[in-house]
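Student: Please take me through one part of this fold slowly, namely the region where the helices pack against each other and the chain then leads on into the strands. I would like to see how the residues there fit into the whole.

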Amino acid sequence: MEDFNLHLTGDIHAITAANNLLAAAIDARLLHERAQDDEKLAQALCPNGYFAPALRKRMEKLGIQANHLADLDAADKRRLFRLDIDPRSITWQRVLDVNDRLLRKIQIGLGDDEKGNERVTGSISRSPAK
């Protein structure tokens, strides 16, 4: 009965979409950090010069004290706005609701805009219930 209910309610699709959204967000962050200098990244994350609540929490963890973007020096901007994720350390994989062996191990980041961000990843296929 549980397999039947999961397929009709869309729960599996929702979990797949959420997982893949996080994978896309990680890849987008890698791209933006590579393509922008610290000042452009700061402007993108604080367009009005004020810090969002999530950035305030990060500032507390990092011990950075400032009220406005203009109060930060270059070193603090780098620490606050860059995650500096090593692409080789990413183990998060995408999920498919089909069993496709060819997508278990793929190379991504081969496009012209993604040069320097190539890495091998893959997907975890959920086999249909038997």
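Tutor: A word on geometry to begin with: a helix axis here is a line fitted to C-alpha atoms over the stretch in contact, and an angle between two axes runs from 0 to 180 degrees between their N-to-C directions. Please also keep in mind that this is a predicted model.

Let us get our bearings. The protein chain has five helices and four strands, and from the N terminus on, its elements run α-α-α-α-α-β-β-β-β. Of its 130 residues, 25% are buried. Among contacts between residues at least 6 apart in sequence, 58% join residues at least 24 apart.

Now to the part you asked about, starting with helix 5. Helix 4 (residues 53–62) packs on helix 5 (residues 74–81) at an angle of about 115°, and 10 Å separates the two axes. The crossing of this pair is right-handed. On the helix 4 side, L55, R58, M59 and L62 make the contact, while R79, L80 and F81 do so from helix 5. Sorted by class, those residues comprise five nonpolar and two charged ones, with no polar residue.

Helix 5 has a second partner to look at. Helix 3 packs against helix 5 at an angle of about 60°, again with the axes 10 Å apart. An angle of 65 to 115 degrees would count as roughly perpendicular and one under 35 as roughly parallel, so helix 3 and helix 5 are oblique to each other. Helix 3 passes helix 5 in a left-handed crossing. Here D38, E39, L41, A42 and L45 of helix 3 meet K77, R78 and F81 of helix 5. By class, this contact has four nonpolar and four charged residues, and no polar ones. F81 is worth a second look: F81 takes part in the contact with helix 4 and in the contact with helix 3.

A44 gives another view of the same corner. This alanine lies in helix 3, which covers residues 38–45. A44 and F81 are 37 residues apart in sequence, yet their C-alpha atoms are 9.6 Å apart in space. The relative accessibility of A44 is 51%, so A44 counts as exposed.

Just beyond helix 5 comes R82, in the loop that leads from helix 5 to strand 1 (94–96). Is this arginine buried or exposed? Buried means under 20% relative accessible area; R82 has 8% and therefore counts as buried. Leaving aside neighbours within four places in sequence, R82 is in contact with R29, E33, Q36, D37, D38, L41, R58 and K77. Several of these names have come up already: D38, L41 and K77 belong to the contact of helix 3 with helix 5, and R58 to that of helix 4 with helix 5. D84 sits in the same loop, between helix 5 and strand 1. D84 has a positive phi of about 50° although it is not a glycine.

Following the loop onward takes us to R94, which is part of strand 1. With a relative accessible area of 25%, R94 is partly exposed. Residues up to four places away not counted, R94 touches N19, N20, A23, A24, D27, G122, S123 and I124. With D27, the side chain of R94 forms a polar contact of 2.6 Å. Towards the other end of the chain, T121 is 27 residues from R94, and the C-alpha atoms of the two are separated by 8.3 Å.

The contact between R94 and N19 can be read from the other partner too. N19 belongs to helix 2 (residues 11–35). Beyond its neighbours within four places in sequence, N19 is in contact with W92, Q93, R94 and V95. N19 is buried, because its relative accessible area is 16% and the cut-off is 20%. The side chains of N19 and N20 are joined by a polar contact of 3.3 Å.

One last stop lies among the strands. E118 is in the loop between strand 2 (106–108) and strand 3 (119–121), and at 34% relative accessibility E118 counts as partly exposed. Residues up to four places away aside, E118 touches Q107, I108, G109 and L110. For E118 and Q107, 11 residues apart in sequence, the C-alpha to C-alpha distance is 6.9 Å.

Note on methods:
Residues numbered from 1 in each chain as written. Predicted model: local features only at pLDDT ≥ 70, side-chain atom pairs only at ≥ 80, totals over all residues. Heavy atoms only, no water. Helix = DSSP H or I, 4+ residues; strand = E, 2+ residues; numbered from the N terminus. Buried < 20%, exposed > 50% of the residue type's maximum accessible area, 1.4 Å probe, protein only. Left-handed = near helix turned anticlockwise from the far one by under 90°. Contact = heavy atoms within 4.5 Å. Nonpolar A, V, L, I, M, F, W, Y, C, P; charged D, E, K, R; others polar. Parallel < 35°, antiparallel > 145°, perpendicular 65-115°, else oblique. Polar contact = N/O pair within 3.5 Å; in protein donor to acceptor, adjacent residues only side chain to side chain.
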